[in-house]
Each structure stands twice: as C-alpha cells, then as structure tokens.
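Please open the structure in your viewer and keep the selection panel at hand. The tour proceeds by selections, one chain at a time.

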Amino acid sequence: MLDIEDLHVKIGDREVLHDINLHIGEGETHVLMGPNGSGKTTLLRTIMGFAGLEVTRGTIRFKGKDITRLPIHERAQLGMGMQFQRPPTIAGLKLGKLLQVTSGGNSEAVSDTATFLHMDAFLERAINQGFSGGEIKRSEVLQLMIQKPDFVMLDEPESGVDLENISLIGNAIAKLLDKDVHIVNRRKSGLVITHTGYILDYLDADFGHVMCDGVFRCHGNPREILKVIKTSGYKECLACQKI
Amino acid sequence: MSENIDQMLDLSEKDQERLAQTGLEVDLKNRSGSFFQVDQEIKQVASLEKGIEVLAISEALKKYDWLEEYSWKLVPKDKDQYTRYVAEQPEQNGFVVIARRGSRSVYPLQACLFLARGNVQHVHNIVIAEEGAELHIISGCASASYTKTGSHLGVTEFYIGKDARVTSTMIHNWGEEISVFPRSASVVEENGVFLSNYVCMQPVRKIQMSPVAHLKGKNSVARFSSIVVSTPGSAMDLGSVAHLSAEGASAELLTRAITTGGSIVSRGMIEGQVRSTRGHIECKGLILKDGVIHAIPEIKGDVVDTELSHEAAVGKIARDEIEYLMSRGLSEDEATATIIRGFLDVKIAGLPDVLQKQIDAAIDAAEKSGF
C-alpha cells in the first residue's frame with residue numbers, strides 16, 4: 001500500500017526527517033510512537049503532501065505509484081486520508097456542506113454516519129468552530145468515514161477524548177480500518193500516532209515504530225514497545241541499538 | 001428593445017434572468033405586492049395582500065394628506081447633491097408601502113427598479129409599518145443587459161412602528177458603468193425590529209451609501225447585513241449608522257466583503273446615546289486578488305452602561321484551510337470556492353426563508369461565474 005524509501009525532509013533550512021524507510025502492506029495497521037517534537041506529525045504531513053515540507057531525497061510510493069511530488073488532493077483521490085490533530089477552523093463553512101461535497105451528494109450516508117458518531121447537531125455548524133477536543137476528533141473521523149480512504153493516517157486520535165467517547169471513536173476507527181473484516185479479506189491500512197496506546201484496545205495494530213529526532217529508532221511489536229516506553233520512557237529506545 | 005416594457009414579463013429573457021437574480025418573481029408568485037418602475041415610468045403597482053397597500057408616491061401623497069408628515073422627514077432634502085436632485089424633480093417617482101396596524105405579510109413585497117435607457121433614475125420611497133405590522137420587502141435593482149451607463153438615485157424612508165417588524169432586502173445587479181447612490185434612513189419605535197440586508201455580487205462602477213437607523217423606541221432593534229463582492233473597476237463605499245437613543249435599544253452591523261480587484265470601503269458607526277444600549281460591528285474582508293478593502297468601524301459611547309464593540313479582519317484565505325479541504329479530495333480551486341461560499345454564508349436571523357433563499361441564490365450565481 002505505502003512504500004517510503006530513504007526519505008529526507010527539510011523545513012526551511014533544517015532537515016527534520018532523516019533516512020525514513022517504511023513499508024505498510026494492504027490490511028496492515030502500523031503505530032507510530034515517539035516523544036513530542038520527534039517528527040511523527042511531520043511524517044504524516046509529508047505523506048499527505050502539505051506545503052512547507054520539502055522532500056530532498058527519497059520516494060513515497062502509494063499503491064505502486066510514485067506520489068512524492070503529487071498535490072494533496074490527488075493523493076486523497078488515490079485513497080489517502082488523514083485525521084488532523086489540530087485541524088483549522090473554517091468560519092462559515094458548515095460541516096454538513098463539506099460532507100455533501102465529499103460524499104458526492106449522498107445525504108443519507110452523511111446523516112447515518114453523523115448519527116453513529118453523535119454529530120447530527122454539528123452538521124449545521126462551521127467546521128471546528130467552538131468544537132471541544134472530543135468533538136473535533138469525532139468530526140475528523142466522520143469526515144474520514146465519508147471519504148472512505150484505503151490508507152488512513154491518524155494523528156493522536158485519542159488525545160483529549162473522554163472515556164465515553166474513546167470507545168465511540170475507537171470503534172469508528174476500527175470500522176475505518178476494516179477491523180470487522182476477516183484478516184484475509186482486509187484491504188484498509190493505517191498509520192496511527194499514539195502516546196498512550198489506549199486506541200490499541202480498539203485496533204489490533206500489526207507493527208510499531210519509534211521515532212526520535214526524525215529517525216526511526218525501533219521497529220517491532222507495538223504492545224511490546226509501548227510496555228518499554230511506559231516503564232522506562234523513550235531513553236530506553238535511544239539507548240537501544242536494535243537498529 | 002426597451003420600447004414596450006409594461007410588465008416584467010415584457011423584458012427580454014436575458015433581462016428577466018437579471019431580475020430573477022435580484023430576487024424578483026416576474027410572475028408575482030408568492031408576493032404580497034409589487035412595484036415596477038422602468039427608468040422614470042411606473043409600470044405596475046399591485047397590492048396583493050390585505051392590510052398592505054402599495055402606491056406610487058405621487059398617488060399616495062394625493063390620497064393621504066397625512067403622508068406629508070413622513071415625506072423628507074428622515075432624509076433631509078439638502079443632505080447632499082443626490083438628495084437635492086431627487087427633491088428638485090417636478091415629478092416624484094417611487095413607491096409608498098403602508099402596512100396597516102397588525103397586518104402580517106406572509107409573502108414579501110417586491111419592488112423592482114429597472115434602469116433601461118442610460119440616464120438618471122431617481123426614486124423616493126416611503127415605507128410605513130404601523131403598530132404590530134410585519135412587512136418584508138425585497139427590492140431588486142437592476143439595469144438592462146444593454147444599458148451600459150447611467151445613475152440610480154434612491155431615497156427611502158422607513159418608519160417602523162411600535163412592535164412592528166420590517167425586513168428590507170436589497171439585491172443589486174447593475175452594469176459596469178452604472179453609479180448608484182441610495183440614501184435611506186429609518187426610525188424604529190418601541191420593540192420594533194428593522195433588518196436591512198444588502199447584497200451586491202455583480203460589477204457596478206460606483207456605489208455609495210450609508211443608511212441611518214434611529215432607534216428611538218425602548219428595546220428597538222436594527223440589524224444591517226451586507227454581502228458584497230467588488231470586481232475590477234467597481235468602487236463600493238458602504239456603511240451603516242445606528243443611533244441608540246432609547247433604553248434597551250440594540251444594533252448590529254455585519255459585513256462580508258470580497259474583492260477580486262475592486263475597492264470596498266466598509267464603514268460602520270454605532271452611537272450609544274443612552275444607558276442600557278448595545279451595539280456590535282463585525283466586518284470580515286477577503287482580498288482574493290489585489291484590490292482594496294478598507295474597514296472603518298466606529299463606535300461612540302456617550303453614557304455609562306452602553307456596551308459597544310467592533311471586530312474587523314481583512315486578509316486572504318489561510319493556506320492551511322485550503323490544504324485541509326484538499327486532503328479530503330477537493331482540488332485547490334474547489335477548496336477555495338468552498339471556503340469562499342462558507343465565508344459569504346451569512347444566515348440572517350429573522351429573515352423569511354424565501355428571502356434567505358434569494359440571498360443564497362445571488363451568491364450561488366456569483367460562485368458559478370467564478371470569484
């Protein structure tokens with residue numbers, strides 16, 4: 001699904017991602033961990049194609065196609081989607097109006113999905129305007145459920161979400177990632193940034209990666225990695241010379 | 001081509017379309033009354049609902065002596081060269097609308113001022129809503145597709161009685177060489193509500209206006225909303241003024257302005273003259289292509305316990321907003337258009353659906369032709 005090779009990324013004059021190699025197969029869910037400011041969000045934004053991030057070396061291939069220089073919307077149209085940790089507020093633009101566009105006018109799907117995520121009342125409100133942390137997450141997941149990407153990137157889907165909503169969001173994300181489909185037939189893939197790992201209770205992640213200072217320091221079983229981080233912090237990852 | 005226009009249906013299809021864009025129903029469906037003036041000729045005056053009377057001003061002044069008390073009282077004849085010009089005309093044109101005590105119009109009343117042959121069109125209108133009356137007016141002002149030059153001078157005086165509610169929605173569709181100088185003022189009595197909406201999404205050479213609301217009655221309310229796009233060569237100087245002179249009075253002035261190369265001066269002035277009054281000015285401007293948006297909000301408080309505020313912002317569409325929508329699969333142009341549509345999407349509280357739809361349609365038409 002996604003193949004990243006030897007990726008180097010600069011913001012301004014500073015290289016922030018170094019020699020990133022990542023392979024995500026069809027049906028796989030990968031978890032990305034790492035301390036604040038280590039470059040996790042930058043990696044997601046680079047994969048999506050945002051401005052201000054310059055790929056100086058390497059390639060990003062998606063479904064076999066080199067997308068390294070492709071504009072954002074073409075990547076989205078190829079089947080990529082992203083949940084933002086801090087999405088912008090768009091004054092005046094109603095969430096429902098955007099969903100009407102992205103669903104291709106399928107009001108029924110919009111309304112059913114909004115109901116599932118308890119977002120009915122938000123369809124008539126401007127996107128993210130005055131939304132609480134949990135509401136922003138639900139709005140993001142709602143937009144993705146309408147978009148139906150084959151490859152989903154999630155940036156801390158559980159942060160700022162109360163316990164009641166975490167199961168709602170967790171189950172919705174599981175759906176997004178085809179977790180209700182038998183593993184043999186599962187087609188959707190994901191890359192999930194998490195600090196707490198709570199979201200892993202809803203998604204069985206296949207692989208984990210630890211990023212520190214813009215490089216991968218570890219690859220392995222996500223639960224094992226999380227256990228180490230929880231007990232010893234990221235210094236253990238820095239000291240570990242596994243890769 | 002313009003020789004025999006006796007009703008809106010006599011206009012060419014193209015011009016009917018231009019009128020439809022200003023919210024007018026050429027066949028008068030769903031209207032409580034209608035007034036149609038082409039240049040200086042009044043073509044149609046129709047009262048279609050009980051309690052609401054529509055008259056040509058010359059007829060009205062003959063029919064009702066008391067109307068003199070309302071004529072040129074809110075807008076002084078010598079306010080400026082334009083009002084003087086209108087006042088000096090031997091024959092007054094324009095309309096008078098009287099909504100009788102307690103009448104409630106289900107449908108809006110439409111007034112169409114159409115400029116066909118390039119010269120000066122002048123009108124003097126008086127709108128009176130008696131105690132408890134509810135009246136909705138939509139004025140569509142347009143020029144013929146073949147009319148390239150001309151001026152429109154319009155004086156309108158609104159009297160909103162006790163507990164009355166008046167909405168006035170004006171949608172303009174002029175030509176590139178047409179200059180427009182509306183001069184209007186209103187007085188709002190106790191518990192009265194006056195909503196004034198202005199939409200101009202099409203080219204015009206020059207438009208200059210600054211309607212004034214005198215909030216004289218206790219708990220009276222005035223809300224002015226303007227949604228405008230200034231195209232290259234268009235110069236718009238738009239403002240509104242509210243004087244809060246009774247306890248509990250409140251005013252809100254709201255503007256959404258876009259320039260694609262033209263200039264917009266957006267003025268707003270609220271004066272809190274007595275205690276327990278409130279006012280707010282909000283002006284948001286988007287500069288899509290080099291043009292000018294000059295926001296001049298003014299607030300003046302004369303006493304303790306008047307609460308006045310303003311917020312103004314002028315800028316471009318934020319890159320992160322465009323990219324956010326692109327990540328949902330919209331192209332850059334689609335994302336931009338979607339954000340602009342949202343920017344202009346102002347829902348005016350208290351406005352009947354049918355009129356909100358007309359405003360939305362005017363914005364849709366501009367969206368289709370590209371910002």
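The stops below concern a predicted model.

**Chain A**

Begin by selecting chain A and colouring it by secondary structure: eight helices and 12 strands are present. The radius of gyration of chain A is 18 Å, close to the 18 Å given by the globule rule for 243 residues, so chain A is as compact as a globular protein of that length. With the view aligned to the principal axes, the C-alpha atoms of chain A fill a box of roughly 50 × 40 × 40 Å.

Next, consider the interior of chain A. Of its 243 residues, 45% are buried. Contacts in chain A may also be examined by separation in sequence: among those between residues at least 6 apart, 68% join residues at least 24 apart.

**Chain B**

Now hide chain A and select residues 1-209 of chain B, which the domain assignment gives as domain 1. Add residues 220-316 of chain B in a second colour; these form domain 2 in that assignment. The centres of the two domains of chain B, taken over C-alpha atoms, are 23 Å apart.

Turn to the place where the two domains of chain B touch. Here 22 residues of domain 1 are in contact with 17 residues of domain 2. Which strand supplies the largest share of the domain 1 side in chain B? Select strand 11 of chain B, which contributes eight residues, the largest share of that side. Strand 11 spans 193-200; strand 12 of chain B, at 206-209, also supplies at least two residues there.

Finally, colour the domain 1 side of this contact in chain B by residue class: 12 residues are nonpolar, five are polar and five are charged.

Notes
Residues are numbered from 1 along each chain as its sequence is written. Chains are lettered from A and ligands numbered from 1 in the order in which they are written. This is a predicted model: local features need pLDDT of at least 70, side-chain atom pairs count only at pLDDT 80 or more; totals for chains, interfaces and linings use all residues. Domain bounds come from an automatic or database domain assignment. Two residues are in contact if their C-beta atoms, placed from the backbone, lie within 7 Å. Helices (H or I, at least four residues) and strands (E, at least two) are DSSP runs, numbered from the N terminus. Ala, Val, Leu, Ile, Met, Phe, Trp, Tyr, Cys and Pro count as nonpolar, Asp, Glu, Lys and Arg as charged, and the others, Gly among them, as polar. The radius of gyration is taken over C-alpha atoms; the globule rule is 2.2 Å times the number of residues to the power 0.38. A residue is buried if 20 or more other C-beta atoms lie within 10 Å of its own, exposed if 12 or fewer, and partly exposed in between; C-beta atoms are placed from the backbone.
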